[in-house]
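Visitor: I'm new to reading structures like this one. Could you walk me through it, a feature at a time?

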Amino acid sequence: MAACILEPVWVVCLERSDNLKNIGWVVIILGGFFQVGWSVGLDYTDGMTNLFWDTVVLISLLMSMLCLSIPMRSGINMSTAYAVWIGLGVVLTIVTSALLGIETVTVGMAVFIAVILAGVVGLKLES
């Protein structure tokens, strides 16, 4: 029997629940990238007065939340999905901010980013 995720815009059906979980992990990673869009985008909104960046922030926030909710329905535990989603979002946001010159990464920050990544990998391996 096929396992399906029903969304207002699309339907994803797969034959094996393992495949559904694998797609869930890909969606969580995608959600981490959308978190970068809204968190870094906030720096450019000028207090939510720049229509372009306001739109980028709102769409990225919506997509990020969708990318968290979908995997939880594919069999990934809520606590694991949330921890991985937020961990990736934090790491990707810090790296992107550093590349854009918004933030300076110190040695201490780099060490703790590595700890976050180790935790994310560990959670993935345990689920």
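Guide: Let's start with one residue: Ser-64 has a relative accessibility of 0%, so Ser-64 counts as buried. Buried means under 20% relative accessible area, exposed means over 50%, and partly exposed lies in between (1.4 Å probe, protein chains only). Before going on, note that this is a predicted model, where local features need pLDDT of at least 70, side-chain atom pairs count only at pLDDT 80 or more, and totals for chains, interfaces and linings use all residues. Residues are numbered from 1 along each chain as its sequence is written, and side-chain values use heavy atoms, with hydrogens and water left out.

Visitor: Where is Ser-64, and which residues is Ser-64 in contact with, leaving aside neighbours within four places in sequence?

Guide: Contact means heavy atoms within 4.5 Å. Ser-64 sits in helix α2, and with those neighbours left aside, its contacts are Gly-31, Phe-34, Gln-35, Trp-38 and Trp-85.

Visitor: What do the elements of the protein chain look like in order from the N terminus?

Guide: Helices (H or I, at least four residues) and strands (E, at least two) are DSSP runs, numbered from the N terminus. Here you get 4 helices and 2 strands, in the order β-β-α-α-α-α.

Visitor: Which element has the lowest mean pLDDT, and which the highest?

Guide: pLDDT is the predictor's confidence in each residue, from 0 to 100. Strand β2 (residues 11–14) has the lowest mean among the elements, 51, while helix α2 (residues 51–72) has the highest, 95. Where pLDDT is low, the predicted coordinates should not be read in detail. For the protein chain, the mean is 87, with 87% of residues reaching 70 or more.

Visitor: How much of the protein chain is buried?

Guide: Of its 127 residues, 30% are buried.

Visitor: And which residues form the largest nonpolar core?

Guide: A nonpolar core is a set of buried Ala, Val, Leu, Ile, Met, Phe, Trp, Tyr and Cys residues joined through side-chain atoms within 4.5 Å. The largest one here has 9 residues: Trp-25, Ile-28, Leu-68, Ile-76, Ala-81, Val-84, Trp-85, Leu-88 and Val-120. Helices α1 (17–41) and α3 (78–99) each supply at least two of them, and α3 gives the most, with 4 residues. Take Ile-76: not counting residues up to four places away in sequence, Ile-76 touches Lys-21, Gly-24, Trp-25, Ile-28, Pro-71 and Ala-81.

Visitor: How many aromatic pairs are there in the whole structure?

Guide: A pair of aromatic rings is described by the distance of the centres and the angle of the planes. Rings of Phe, Tyr and Trp (its six-membered ring) pair if their centres lie within 6.5 Å; planes under 30 degrees apart count as stacked, over 60 as edge-to-face and the rest as tilted. The search finds 3 pairs. One of them joins Tyr-44 and Trp-53, which are stacked at 4.9 Å centre to centre with 25° between the planes. Phe-52 and Trp-53 have ring centres 5.2 Å apart and planes at 80°, so that pair is edge-to-face. Ring pairs thus link Tyr-44, Phe-52 and Trp-53 into a cluster.

Visitor: Are these rings buried or exposed?

Guide: Tyr-44 is partly exposed at 30% relative accessible area, Trp-53 is partly exposed at 27%, and Phe-52 is exposed at 54%.
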